[in-house]
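Here is a short briefing for a first look at this structure. Take the overall layout first, then the helices, the core and the ligand shell.

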Amino acid sequence: MNGGEKFIAVVVGVLLVFGVVRSITHVEEPHENDIPFYTTASPELASKATDLYRDNTCRSCHSLWSLKDAMQSVPAPMLDGIGSLRTEAWLYDYLSAPNPQLILPSRLKKKYQMPSFAKMSEADRKLMASYLASLKVKDWYLEDTKKLEQEKLTGVDAPK
Ligand code: HEC
């Protein structure tokens, strides 16, 4: 090999090693910087629902896309990924219920509980339910969360 060929061989070797190391470390820390939440809603649906969300003060209790009201102090569940947990029909019934606590019991004081939105127009309740149902969480996040939960409960590392 002459000098130029040696140089190329070294560069190829370094790139190969780099590639292998990267693929190994990538398996160990797969999702560090990924945001696990996403929506399947059209931009039009998202924008209408965001207006409803603001006008109906959902934001004073819930967080969504990490946007919290500065005054927020209520322990309401965050709504990111809620569409992976509930169906659109469930969400519609819940928003339409005169007493939502009959569907989802609450241990909070009355003033912190989920209010009834039965008086919201039917079109708005449908739109809101459809948007909430579009809020998804990626499968790996659910699996990681389940694993962590299991490890916490059993003290045993879950199989990788
Ligand atoms: C006064 C605070 C408050 C407001 C305002 C509020 N919520 Fe809630 N919400 C809660 C609480 C607290 C819960 C948990 C159930 C309970 O304790 O009543 C809840 C539960 C929910 C759930 C069910 C979550 C689950 O785990 O399945 C959804 C969906 C929801 N709210 C959506 C909304 C939307 C959409 C709005 C606005 C139209 C809204 N909420 C307004 C406090 C609030």
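**Overall layout**

The protein chain contains five helices and two strands. The model is a predicted one. Along the sequence, the elements follow the pattern α-β-α-α-α-β-α.

- The protein chain has 160 residues, and buried residues make up 14% of them.
- Take the contacts in the protein chain with a separation of 6 or more: 60% of these join residues 24 or more positions apart.

**Helix 2 and the loop after it**

- Helix 2 covers residues 43–55.
- Its 13 residues should span 18 Å at 1.5 Å a residue, and the end C-alpha atoms of helix 2 are indeed 18 Å apart.
- T57 comes just after helix 2 and takes a positive phi of about 55°.
- T57 is a residue other than glycine with this positive value.
- The place of T57 is the loop between helix 2 and helix 3.
- T57 counts as exposed because it has 11 other C-beta atoms within 10 Å, and the cut-off for exposed is 12 or fewer.
- C61 is also found in the loop between helix 2 and helix 3.
- C61 is partly exposed, because 19 other C-beta atoms lie within 10 Å, while a buried residue needs 20 or more.
- C61 and A76 are 15 residues apart in sequence, yet their C-alpha atoms are 5.7 Å apart in space.

**Helix 3**

- Helix 3 runs over residues 88–96.
- Its buried residues are L91, Y92 and L95.
- Seen down the axis of helix 3, these buried residues fall within an arc of 100°, so they line one face of the helix.
- An α-helix has 3.6 residues a turn, so residues three or four places apart point the same way.
- The buried residues of helix 3 pack against helix 4.
- Leaving out residues up to four places away in sequence, L91 touches R86, A129, L132 and A133.

**Helix 4**

- Helix 4 runs over residues 122–133.
- Its twelve residues should span 16 Å at 1.5 Å a residue, which agrees with the 16 Å between the end C-alpha atoms of helix 4.
- R125, M128, A129, Y131, L132 and A133 are buried in helix 4.
- The cover over the buried residues of helix 4 includes helix 2, helix 3 and strand 2, the last at residues 135–137.

**Nonpolar core**

- The largest nonpolar core holds 15 residues, and L91, M128, A129 and L132 have the most contacts inside it.
- Helix 3 and helix 4 are the elements that give two or more residues to this core.
- Helix 4 provides the largest share of this core, five residues.
- L91 thus appears twice in the picture: it is among the residues with the most contacts inside the core, and A129 and L132 are among the residues it touches.

**Around the ligand**

Which residues come nearest to the ligand?

- Of the 27 residues around the ligand, the nearest are C58, C61, A76, S106 and M114.
- By class, the shell has 19 nonpolar, seven polar and one charged residues.
- Helix 3 and helix 4 each supply at least two residues of this shell.
- C61, one of the nearest residues to the ligand, sits in the loop between helix 2 and helix 3.

How values were computed
Residues are numbered from 1 along each chain as its sequence is written. This is a predicted model: local features need pLDDT of at least 70, side-chain atom pairs count only at pLDDT 80 or more; totals for chains, interfaces and linings use all residues. A residue is near a molecule or strand if its C-beta atom, placed from the backbone, lies within 6 Å of it. Helices (H or I, at least four residues) and strands (E, at least two) are DSSP runs, numbered from the N terminus. Ala, Val, Leu, Ile, Met, Phe, Trp, Tyr, Cys and Pro count as nonpolar, Asp, Glu, Lys and Arg as charged, and the others, Gly among them, as polar. The expected span of a helix is 1.5 Å times one less than its number of residues. Two residues are in contact if their C-beta atoms, placed from the backbone, lie within 7 Å. A nonpolar core is a set of buried Ala, Val, Leu, Ile, Met, Phe, Trp, Tyr and Cys residues joined through C-beta atoms within 7 Å. The arc is that of the directions from the helix axis to the C-beta atoms.
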